[in-house]
Amino acid sequence: MKDVQDGFGYNERLFSGGIRSYLHFARFKWVSSQIQKQSISADTVLKLGCFDGKPIDFLPAEPTRYVGYDANWEVGLYIARERWGTHPDLTFKEVSTPDQMNLHLTDRFDIAVSMETLEHVPPALIDGYLEQIALHLDGYLLVTVLTPRGGPEE
């Protein structure tokens, strides 16, 4: 499989066409449809696993505040900062533990989103991330989790 060392990064692997691309775009479309279907305000957004900020393209409007957190495994945060850097209310932060989220007690969000991220988080940290989100969320948490099908059991 091609990987980042070959100049073939995350976006190229997942969004270059075919069934894999269709399935990965489906998660963004699902979030967009839920926002619309449930009449969810997406004015302020907390995103766990933001990578390059692609979910912003699927929101009904550019949020007035977006805080994206990512481990930055394949330099997605650099892509996000380059693309969205002129928007001061859209921020992208590198974190590897919930404590690094550094939210103020008064920080509030209409919606929090985590798409195909939690399955990559060490189990001991999941509760901490969810607690941080819960402390600052006034609305909905939308989550997608990749689950293996038809493969060997671990």
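This is a short dialogue on reading a predicted model.

Biologist: What should I know before I start?

Modeller: The model is predicted: local features need pLDDT of at least 70, side-chain atom pairs count only at pLDDT 80 or more, and totals for chains, interfaces and linings use all residues. Residues are numbered from 1 along each chain as its sequence is written, and side-chain values use heavy atoms, with hydrogens and water left out.

Biologist: Which residues of helix α4 are buried?

Modeller: Buried means under 20% relative accessible area, exposed over 50% (1.4 Å probe, protein chains only). Helices (H or I, at least four residues) and strands (E, at least two) are DSSP runs, numbered from the N terminus. In α4, residues 123-136, the buried ones are Y129, Q132, I133 and H136.

Biologist: Why do they sit on the same side of α4?

Modeller: An α-helix has 3.6 residues a turn, so residues three or four places apart point the same way. Here the buried four cover an arc of only 95° around the axis (taken from the directions from the helix axis to the C-beta atoms), so they share one side of α4. Exposed residues on the other side include P123, D127 and E131.

Biologist: What do the buried residues of α4 pack against?

Modeller: Contact means heavy atoms within 4.5 Å. Their partners are β1, β4 (109-115) and β5 (137-144).

Biologist: Is D52 buried or exposed?

Modeller: D52 is buried, because its relative accessibility is 8%. D52 is in the loop between β1 (44-48) and β2 (65-70). A polar atom of its side chain lies 3.0 Å from the backbone nitrogen of K54.

Notes:
Polar contact = N/O pair within 3.5 Å; in protein donor to acceptor, adjacent residues only side chain to side chain.
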